[in-house]
Amino acid sequence: MAEASVKPTPVLKDELDIVIPTIRSLDFLEMWRPFFQPYHLIIVQDGDPSKTIKVPDGFDYELYNRNDINRILGPKASCISFKDSACRCFGYMVSKKKYIFTIDDDCFVAKNPSGKEINALEQHIKNLLSPSTPLFFNTLYDPYRDGADFVRGYPFSLREGVHTAVSHGLWLNIPDYDAPTQLVKPLERNSRYVDAVLTIPKGTLFPMCGMNLAFDRELIGPAMYFGLMGDGQPIGRYDDMWAGWCVKVICDHLGYGVKTGLPYIWHSKASNPFVNLKKEYNGIFWQEEAIPFFQSVMLPKECTTVQQCYIELSKQVKEKLGKVDPYFNKLAEAMVTWIEAWDELNSAEGSTGKLPAKGAAM
């Protein structure tokens with residue numbers, strides 16, 4: 001007698017939103033259907049709000065365009081970038097879930113060396129639900145994975161680890177390079193699949209890529225602001241970098257961990273390096289000032305919440321980086337506006353601005 005086929009309930013089905021920024025129809029979701037369909041999608045439409053974005057049937061989703069952002073946030077909508085994938089952070093703000101996974105619409109399902117399709121979301125969830133070890137490096141990388149443990153000499157007092165706030169995934173095929181590297185290595189492709197997850201040590205910054213990223217929204221969400229980029233701004237393509245630097249400093253201060261490594265996605269196409277160079281030009285110079293700033297920033301003990309840390313960080317950005325370029329004064333003010341909007345939208349009485357879902361699971 002054949003047994004009834006019962007599909008297991010997807011992990012965190014009701015606790016995780018998938019946030020996707022886009023300017024085009026989301027046909028790429030078809031290949032992700034086996035992995036994404038059980039989850040709720042928040043789609044943030046960039047650019048022309050009159051353009052129709054088509055979403056494949058069967059997905060449960062909300063779709064927000066610029067008109068929606070302006071209506072929901074009012075004057076505070078100025079903190080959300082326009083004509084830049086940084087607009088995705090609006091999706092983080094309106095979500096009511098504990099976890100967020102965000103992916104770009106040119107990222108496809110990758111395969112591991114044995115040819116099996118990689119469920120990137122499942123791996124991110126594993127990363128987020130297991131502790132991190134930022135205070136002491138384990139030479140077998142993540143000690144909580146099957147087949148691994150803490151090595152000899154690892155302090156027993158630190159083996160409990162800390163909460164994981166961020167899971168940073170990687171990419172096969174098109175590497176996440178800046179424009180100068182793209183120009184000198186136009187044919188380079190990443191085919192190296194490294195079967196490893198590791199915790200980024202405390203006190204160490206990293207270049208965060210937003211195309212394959214998950215995080216604990218309750219732990220670190222208010223710091224996941226992708227800055228002021230794109231239309232009307234003197235810089236682009238540093239949105240995820242900025243968020244990563246801010247997040248890492250705050251995670252270090254509050255005692256949270258950041259993991260990087262698995263899962264991989266397949267990055268399908270390279271953006272134009274000449275267009276990228278125009279967007280990155282200022283950032284290439286400014287990062288030489290911004291990174292030392294973040295390496296030396298100190299947050300006072302009185303800052304015990306993410307919001308308090310972020311407001312304090314904004315003050316230091318204005319004081320220290322405002323001397324580099326007036327843009328950083330504007331960015332510091334936008335950081336404060338972002339926190340005000342986050343708190344307003346996520347307070348018990350301020351959570352009514354959300355749109356009803358425009359799609360339903362079949």
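Q: In this model, is aspartate 142 buried or exposed?
A: Good place to start, and do keep in mind that the model is predicted. Aspartate 142 has a relative accessible area of 5%. The cut-off for burial is under 20%, so aspartate 142 counts as buried.

Q: Which side chain meets aspartate 142 in a salt bridge?
A: In this pair the N to O distance is 2.8 Å, and the partner of aspartate 142 is a lysine, lysine 259. The pair links distant parts of the chain, 117 residues apart: aspartate 142 is in the loop between H4 and S6, and its partner is in strand S9. That partner is buried as well, with a relative accessible area of 1%. The side chain you are looking for is lysine 259.

Q: What is the phi of tyrosine 141?
A: Tyrosine 141 lies in the loop between H4 and S6. At 40% relative accessibility, this tyrosine counts as partly exposed. Although tyrosine 141 is not a glycine, its phi is positive, at about 60°.

Q: Where is arginine 152 found, and is it buried or exposed?
A: The UniProt annotation "glycosylation site", from an unreviewed entry, covers Arg152. Arginine 152 sits in the loop between helix H4 (120-129) and strand S6 (164-173). Its relative accessible area is 84% and the cut-off for exposed is over 50%, so arginine 152 is exposed.

Q: Which residue of the pair aspartate 68 and arginine 71 is buried?
A: These two form a salt bridge, with the closest N and O atoms 3.8 Å apart. They are three residues apart in helix H2, which means that about one helical turn separates them. Arginine 71 is exposed, with a relative accessible area of 51%. Its partner has 10% relative accessibility, so the buried residue is aspartate 68.

Q: What separates glutamate 30 and arginine 33 along helix H1?
A: Side chains of opposite charge can pair when their charged atoms come close. Glutamate 30 and arginine 33 meet in a salt bridge at 3.0 Å, N to O, and glutamate 30 is partly exposed at 43%. Because the two are three residues apart in helix H1 (residues 29-36), they are separated by about one helical turn.

Q: How many salt bridges does the structure hold?
A: Beyond the pairs above, Lys98, Asp216 and Glu218 are linked in a network of salt bridges. For the structure, the number of salt bridges is 15.

Q: How far apart are the end C-alpha atoms of helix H10?
A: Helix H10 has 20 residues (residues 327-346), and at 1.5 Å a residue it should span 28 Å. Its buried residues include Tyr327, Phe328, Trp338 and Trp342, and among the elements covering the buried residues are helix H7 (239-254) and helix H8 (273-296). The distance between the end C-alpha atoms agrees with the expected span, at 28 Å.

Q: Which residues make the nonpolar surface patch of about 320 Å²?
A: One member, leucine 183, lies in helix H5 (residues 179-184). At 33% relative accessibility it counts as partly exposed, and a patch residue needs over 30%. The patch is made by Leu183, Val184 and Phe274.

Q: Which residue is joined to leucine 262 by a cis peptide bond?
A: The omega of this bond is about 10°. The partner of leucine 262 lies in strand S9 (residues 257-267). That residue is proline 263.

Notes:
Residues are numbered from 1 along each chain as its sequence is written. This is a predicted model: local features need pLDDT of at least 70, side-chain atom pairs count only at pLDDT 80 or more; totals for chains, interfaces and linings use all residues. Side-chain values use heavy atoms; hydrogens and water are left out. Helices (H or I, at least four residues) and strands (E, at least two) are DSSP runs, numbered from the N terminus. The expected span of a helix is 1.5 Å times one less than its number of residues. Buried means under 20% relative accessible area, exposed over 50%, partly exposed in between (1.4 Å probe, protein chains only). Contact means heavy atoms within 4.5 Å. UniProt positions are given in the numbering used here, feature names are shortened, and annotations may be inferred rather than shown by experiment. Patches are made of residues with over 30% relative accessible area and no salt bridge: like charges are joined within 9 Å, nonpolar side chains (Val, Leu, Ile, Met, Phe, Trp, Tyr) within 5 Å. Accessible areas come from the Shrake-Rupley method with a 1.4 Å probe; for residues, only the protein chains shown count as cover. A salt bridge is a side-chain nitrogen of Lys or Arg within 4 Å of a carboxyl oxygen of Asp or Glu.
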